[in-house]
Amino acid sequence: MKGSVLITGASSGIGLALAKRLDAEGWRVFAGVRSNDDAACVRASLSSLSEPVMLDVTDSEQIEAARALVAARTGGRLEGLVNNAGIVYHAPVESLTVQAVRRQFEVNVVGVFAVTKAFLPLVRAARGRVIVVGSISGRVAWPFNGVYAASKHAVRAMVESLRLEQRGFGVRVSLIEPGAFATSIWQKKTPPECLDTARTEAHVALRYGIAQRIVERAMDVIGARAPAPERCAAIICRALTARSPRARYTVGDDIWLQLAFSQLPPPAKDPLIAFSMDRVLREQSPKRATSREPV
Ligand SMILES: NC(=O)c1ccc[n+]([C@@H]2O[C@H](COP(=O)([O-])OP(=O)(O)OC[C@H]3O[C@@H](n4cnc5c(N)ncnc54)[C@H](OP(=O)(O)O)[C@@H]3O)[C@@H](O)[C@H]2O)c1
């Protein structure tokens, strides 16, 4: 056996691809899932060495139960912890409810914190690795993904400190920064209860409504064209096994474009975005608006 690894959010996408790969390579995988159906599917796709673990990263009791189970199975040593679970709400910043913003941070930031805090003693005992799946959105923020980007920026900062703090204990910490990968995250539309434009002025709500539909269509296209999650899983494997793991791994076909865009100064970036958005919104708007009318 190569070692033991816990992966959060292993029911689908990058987490599932990683669980399968590590299991096939001889790791004992504890695959975090949130439902009995997913537990059964994951169990069926892994060897008898590995197992699903019920783990909602926002549920402190489940985190403690998972920690106790992993400690008992491994004798208190965990070679790898992969914080992969994440959600995304695509919407204009103003349109999200306060609860949705809290939920975005609860899963993507506090969840990473809580799981890492719980499992670090086991990882330290093994002088193991902590991997956190951030996003290229931890470096760049586009319209309609500001709150997700904020959560990934926050994670990036937390991981930076954690890496510096843990090195003295022999624990290596790496941040994975994926661009787009073809997973179900792109099909998960922002739930209607997360959106609130009731008190928004009519012309603003109209513009946001059109933009939301465009964003959702764009997500379908991006999700369909993006590379398979196995490629991202391969990079996470490298972070787990390389003799000298890197602090950050940036992976994906679109990352260079995104990074280049993020380097543009606001006086160059803002008019470019405003021009493209206005053009698309005008094309989609039910009534043709002039440049002085709000769409
Ligand atoms: N795919 C991309 O293009 C992309 C790009 C950049 C970064 N990422 C990041 O990659 C990670 C994995 O995403 P993915 O693309 O593989 O998407 P995915 O297929 O939607 O997988 C997300 C996983 O997170 C789990 N999850 C959601 N809320 C959770 C919670 N409260 N507790 C525990 N698990 C929870 C989901 O479980 P359920 O099935 O139970 O909901 C699922 O297993 C995320 O952190 C995401 O932000 C993805």
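How far is an oxygen atom of the ligand from an N or O atom in the side chain of Thr183? In this predicted model, the two atoms are 2.6 Å apart. Thr183 belongs to a wider setting, for 31 residues surround the ligand, and the closest are Ser11, Arg34, Tyr148, Thr183 and Lys188. Tyr148 also places a polar side-chain atom 2.7 Å from an oxygen atom of the ligand. With Gly86 the backbone takes part: one of its N or O atoms lies 3.4 Å from a ligand oxygen atom.

Turning to the protein interior, the largest nonpolar core has 31 residues, and Ile7, Leu22, Val82 and Ile236 have the most contacts inside it. Two or more residues of this core come from each of β1 (3-7), α1 (13-24), β2 (27-33), α2 (36-45), β5 (129-133), α7 (229-241) and β7 (248-251). Helix α7 gives the most, with 7 residues. Val82 offers a good view of this packing: beyond its neighbours within four places in sequence, it is in contact with Val5, Leu6, Ile7, Thr8, Leu18, Ile131, Val133, Ile236 and Leu240. Another core, of 29 residues, lies apart from this one and includes Val57, Val70, Phe119 and Leu162.

Phe119 leads on to helix α4, where a kink of about 50 degrees lies at this residue, shortly before the proline Pro121. The helix covers residues 98-125, 28 residues in total, and reaches 39 Å from its first C-alpha to its last, close to the 40 Å expected at 1.5 Å a residue. Just after α4 comes Arg127, which takes a positive phi of about 45 degrees.

Notes
Residues are numbered from 1 along each chain as its sequence is written. This is a predicted model: local features need pLDDT of at least 70, side-chain atom pairs count only at pLDDT 80 or more; totals for chains, interfaces and linings use all residues. Side-chain values use heavy atoms; hydrogens and water are left out. A nonpolar core is a set of buried Ala, Val, Leu, Ile, Met, Phe, Trp, Tyr and Cys residues joined through side-chain atoms within 4.5 Å. Buried means under 20% relative accessible area, exposed over 50%, partly exposed in between (1.4 Å probe, protein chains only). Helices (H or I, at least four residues) and strands (E, at least two) are DSSP runs, numbered from the N terminus. Contact means heavy atoms within 4.5 Å. The expected span of a helix is 1.5 Å times one less than its number of residues. The bend at a residue is the angle between axes fitted to the seven residues ending there and the seven starting there. A residue is near a molecule or strand if one of its heavy atoms lies within 4 Å of it. A polar contact is a pair of N or O atoms within 3.5 Å; within protein, one must be able to donate a hydrogen and the other to accept it, and residues adjacent in sequence count only if both atoms are side-chain atoms.
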